[in-house]
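Please open the model in your viewer and show the side chains as sticks. The stops below follow its charged residues.

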Amino acid sequence: SKSSEEIKQQNSELSEKVHSLVSQNSTMKLDMEDLHKKLEMAELMIQQFSNQAGSLDANQQLQMALEEKASLETQVAQLSESLHQLQAERDQYVEKLKEERSIWQQRVQQLSEQVHTMAEEKEKHMAQIRELEANVTEL
């Protein structure tokens with residue numbers, strides 16, 4: 001039963017980790033979507049500034065927009081990499097949970113068989129006791 005409790009505890013911990021990773025994964029996806037939208041806005045600003053006359057303010061704004069676009073692209077790349085890592089970790093945890101579940105099911109099956117065997121043995125012993133009691137009574 002100690003082993004059973006340990007496996008249950010490990011199972012619970014791994015489930016919590018998987019749920020945490022799924023939550024992080026969802027958050028990162030939302031962040032990536034936001035960054036993609038910002039990137040699209042930056043590209044639109046660049047197009048607008050490129051179409052305008054080449055005044056100094058427009059050139060400065062264009063430069064700032066280009067820098068922001070580069071920064072956003074870097075953030076998107078980093079988030080994509082983090083997302084892939086989280087997905088890989090999640091997959092590992094899922095596999096570990098499957099393995100633990102399989103081990104747990106095998107142990108439950110073994111214990112069930114042992115209980116069944118012991119019940120049969122108990123029934124045999126009870127029959128022997130009744131027979132011996134009958135013999136003692138007869139003697």
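A salt bridge is taken here as a side-chain nitrogen of Lys or Arg within 4 Å of a carboxyl oxygen of Asp or Glu, and by this rule the count comes to six salt bridges in what is, it should be kept in mind, a predicted model.

Begin by selecting Glu5 and Lys8, which both belong to helix α1 (residues 2-51) and sit three residues apart, about one turn of the helix. Their closest N and O atoms are 3.9 Å apart, forming a salt bridge; Glu5 is partly exposed at 48% relative accessibility, and Lys8 is likewise partly exposed, at 42%.

Next, select Glu43 and Lys69, whose side chains meet in a salt bridge at 3.8 Å, N to O. Because Glu43 lies in helix α1 and Lys69 in helix α2, this pair ties together parts that are 26 residues apart in sequence. Glu43 is partly exposed at 32% relative accessibility, as is Lys69 at 23%.

Move then to Asp91 and Arg90, where a salt bridge has its closest N and O atoms 3.3 Å apart. Before leaving the salt bridges, add Glu73 to the selection, since salt bridges that share partners join Glu43, Lys69 and Glu73 into one network.

Finally, select Glu100, in helix α2 (residues 56-138). Which side chain of opposite charge is nearest to Glu100? It is Lys96, 5.6 Å away, and Glu100 is buried yet has no salt bridge. Leaving aside residues up to four places away in sequence, Glu100 touches Ile7, Gln10, Asn11 and Leu14.

Methods. Residues numbered from 1 in each chain as written. Predicted model: local features only at pLDDT ≥ 70, side-chain atom pairs only at ≥ 80, totals over all residues. Heavy atoms only, no water. Helix = DSSP H or I, 4+ residues; strand = E, 2+ residues; numbered from the N terminus. Buried < 20%, exposed > 50% of the residue type's maximum accessible area, 1.4 Å probe, protein only. Lys, Arg positive; Asp, Glu negative; His and termini not counted. Contact = heavy atoms within 4.5 Å.
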